[in-house]
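User: I'd like to go through how some of the labels on this model were earned. Can you take me through them?

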Amino acid sequence: MMLNSIKKIFTSEEDYPLNDKSKADISRDKSAQLYEKAKRFFPGGVNSPVRAFKSVYGTPLFIEKGEGCYITDADGNTFIDFCGSWGPLILGHAHPKVIEKVSETITQGMSFGAPTALENELAELIISNNRFVEKIRFTSSGTEAVMSAIRLARGYTKRDKIIKFEGCYHGHSDSLLVKAGSGLVTFGETSSAGVPTPFAAETLVLPLDDKEALEQAFEQFPDQIAAVIIEGVPANNGLLLQSPEYIEFLRQICTTNGSLLIFDEVITGFRLGFEGAAAHYGITPDIVTYGKIIGGGLPVGMYGASAEIMSHISPDGGVYQAGTLSGNPVAMAAGIATLTELLKSGFYKDLNNKTEEFRASIQRFADARNYKFKVFGIGSIFWFAFTQQEAITKASDIAHESMEKFKILHRELLNRGIYFGPSGYEVGFVSGAHTKVELEKAKRAIFESLDLVFQQK
Ligand SMILES: Cc1ncc(COP(=O)(O)O)c(C=O)c1O
């Protein structure tokens, strides 16, 4: 059997659960060499922590190219990709229309630090097809978009405190790198070294799906809460699907208390539909943030609101926010080409239907085998949870031990040519480029892998 070769490749042999039905491991020699080199240059060998494969087996794969729903690593292994660069690639990799528009734009120069017509073009595409924003500002990342939205909410309301929810990720700005303490309403504690305690103290962290906690927070801090921020659908700590009624409650409690409701749609924007989670729930947030898909794979973020709220942004208003590369023409071009495809009739219907079939078929398989396993999903997003719970709405509902099972699943899937993000807390994405053929192949690999996961002692 190939058990020895399997053992050789993995760095953490001691906790590598071998099973004689496991497939031989893919070769990672070149990725491993690149990783060793990268460790000389970057903390942990990476430029964003989750890429370091700390929660799964083996060294990180270095990706060489992507085409459609496939990616190929430095060792020549090809995978069906369900990470999609963590969400942006809703059309798949190197979509011809995106490549064409980017190539034609890039030959004209890459950045001017002055306005270009491309910014107008992307803005018009968005604003004329979105009920929730009248004016917008482009940034270069989701983090920047959300950080600026928080500043805007504070400047607009002249209040300092914000409410965020446990399990929601909003990028790595200081106010938002905060985790809950114990108790119903807690002052946040920093969840990163380097965030001053007084900053974190302006962020209240509440559990999701808990109306009482919200009521108590507003009672405890009357006229002090600038905004409540929530992910359109919380999708960074598993997929924590909230009830429409709870979202409606959020809207009402913000309105009653003169606080702004911010929907962070960095994942859900242009993913659940062109107008994201706001349209899905039929709720109008006061400020919306986008990222990921809006740049079609290049760095773009955006925040937007009514013209009245946006009039507080500099140079019209007193809330300062800027960016050397904001509205970068090449990034705008990628966004324009991507969003134009998304607006084509039937795009979301096809994408969401095929994802729903994919999810349902995996769930049927797991149920038939009596596995403690649930596939949660919405639109073209899915999340595998090793649980029997019918619903998971709070971060605290997720059993940390269940991630051991994900680790095995991840290994088995890589060995069968299926690429998932390297953490069981991350969701997967289906793109327009996944056809029935790839989804069938992926299902077969998932079935085999689940059998192995549930055979492990
Ligand atoms: C909901 C949400 N908000 C904000 C961000 C931060 O975006 P970026 O990584 O582009 O800075 C992310 C990133 O994953 C996200 O998922």
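What follows is a short exchange about burial, ligand contacts and empty space.

Analyst: Quick housekeeping: this is a predicted model, where local features need pLDDT of at least 70, side-chain atom pairs count only at pLDDT 80 or more, and totals for chains, interfaces and linings use all residues. Residues are numbered from 1 along each chain as its sequence is written, and side-chain values use heavy atoms, with hydrogens and water left out.

User: Why does V330 count as buried?

Analyst: Buried means under 20% relative accessible area, with exposed over 50% and partly exposed in between (1.4 Å probe, protein chains only). V330 has 7% relative accessibility, so it counts as buried.

User: Which residues does V330 touch?

Analyst: Contact here means heavy atoms within 4.5 Å. Leaving out residues up to four places away in sequence, V330 touches V102, T105, I106, G109, M110 and L298. V330 and S111 are 219 residues apart along the chain, yet their C-alpha atoms are separated by 7.8 Å.

User: What makes N236, D264 and K292 polar contacts of the ligand?

Analyst: A polar contact is a pair of N or O atoms within 3.5 Å; within protein, one must be able to donate a hydrogen and the other to accept it, and residues adjacent in sequence count only if both atoms are side-chain atoms. An N or O atom in the N236 side chain is 2.9 Å from a ligand oxygen, and one in the D264 side chain is 2.6 Å from a ligand nitrogen. For K292, a polar side-chain atom lies 3.0 Å from a ligand oxygen.

User: How many cavities of 30 Å³ or more are there, by this rule?

Analyst: The count comes to two. On a 1 Å grid over the protein atoms alone, a cavity is a set of points where a 1.4 Å probe fits but cannot get out, while a pocket is an open set with protein on both sides within 12 Å along at least five of seven lines; lining residues have an atom within 4 Å of a point. Grid points are joined across faces, edges and corners, and a volume is the space filled by probe spheres set on the points. The largest cavity has a volume of about 90 Å³, and the second largest about 60 Å³.

User: Which residues line the largest cavity?

Analyst: Among them are F82, F382, W383, F384 and E426.

User: And how much space lies in the second largest pocket?

Analyst: About 630 Å³. Of its 28 lining residues, E119, I136, R137, F138 and S326 are the closest to its centre.
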